[in-house]
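User: Could you take a close look at the salt bridges in this structure, and explain for a newcomer where the partners lie and how well each is covered?

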Amino acid sequence: VQFSDSIPTSVHKLRPSDIKVVGALGDSVTAAFGARSASMLSIMTEFRGISWSIGGDGTVQSQVTLPNVLKHFNPEVVGFATGTGRRDTPNSHLDVAKTGALVSDIRHQVDLIVERMKANTAINFKSDWKVVTLWIGANDLCSWCKKHDNESRVETYIGHIRESLDHLRASVPRVFVNIVNIIDVTVLYDLKGLFCSLLHAYECGCGTSCSEETR
């Protein structure tokens, strides 16, 4: 894939090689919480460098992530996370996801990613094309059954998403937003094992409830 002859003015004309910047908004999934954990000692570690949407460790041959795929077409891509650490560690770069985040936290994450983009001297904020992935909602679903006015909660969720996307669009020029559907948290119920069952019941009571109606 070759670079476009000139910088595209529309996402409909983008090529993978036109992408210069990657970023991500979300929760523990995007932070790759415990993703490479082999024991209880490392279960709390965030392996951001292998996060599917923003990790940049290795190459596409060794670690299939969106940034590594894009690096195959444009080695100058910036913004991807490497190694391990929380979102405030330098190597997290434009991975501003936070473990435990709810949809109401995304508006602040947009502010944070914009701040980091503008502070990065390798990014031409006005002209570089950016891909920002948004994946949120699992933690909202995990507490859904504890509330009674679900219809109101749906509207509130939609409102937070709309507000955050409007803010991102107004704040960041030349951005392709990659929105991922909410994960199905009920699959946690079928994952057996004492430690997993206890952890999932604590972290996602609604998704792991013994009541099929609740799930």
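Analyst: The answer below goes through the salt bridges pair by pair, and then turns to how some of them are connected.

This is a predicted model, in which local features need pLDDT of at least 70 and side-chain atom pairs count only at pLDDT 80 or more, while totals for chains, interfaces and linings use all residues. Residues are numbered from 1 along each chain as its sequence is written, and side-chain values use heavy atoms, with hydrogens and water left out.

The count comes to five salt bridges, each being a side-chain nitrogen of Lys or Arg within 4 Å of a carboxyl oxygen of Asp or Glu. One of them is formed by the side chains of Arg86 and Glu46, with 2.7 Å from N to O. This pair links distant parts of the chain, since Arg86 sits in the loop between α1 (66-73) and α2 whereas Glu46 sits in the loop between β1 (19-26) and α1, 40 residues apart (helices, H or I, of at least four residues and strands, E, of at least two are DSSP runs, numbered from the N terminus). Glu46 counts as buried because its relative accessible area is 4%, while Arg86 counts as partly exposed because its relative accessibility is 39% (buried means under 20% relative accessible area, exposed over 50%, and partly exposed in between, with a 1.4 Å probe and protein chains only).

A further salt bridge joins Arg48 to Asp95, whose closest N and O atoms are 3.1 Å apart. Arg48 lies in the loop between β1 and α1 and Asp95 lies in the loop between α1 and α2, so this pair ties together parts of the chain that are 47 residues apart in sequence. With a relative accessibility of 1%, Arg48 counts as buried, and Asp95, at 0%, counts as buried too.

The pair Arg107 and Asp111 brings the description to a helix: their side chains meet in a salt bridge with 3.1 Å from N to O, and both residues lie in helix α2, four residues apart, which is about one turn of the helix. Arg107 is partly exposed because its relative accessible area is 30%, and Asp111 is partly exposed because its relative accessible area is 33%. Elsewhere, salt bridges that share partners join Glu46, Arg48, Arg86 and Asp95 into one network. That network therefore includes Glu46, which is buried at 4%, as well as Arg86, which is partly exposed at 39%.
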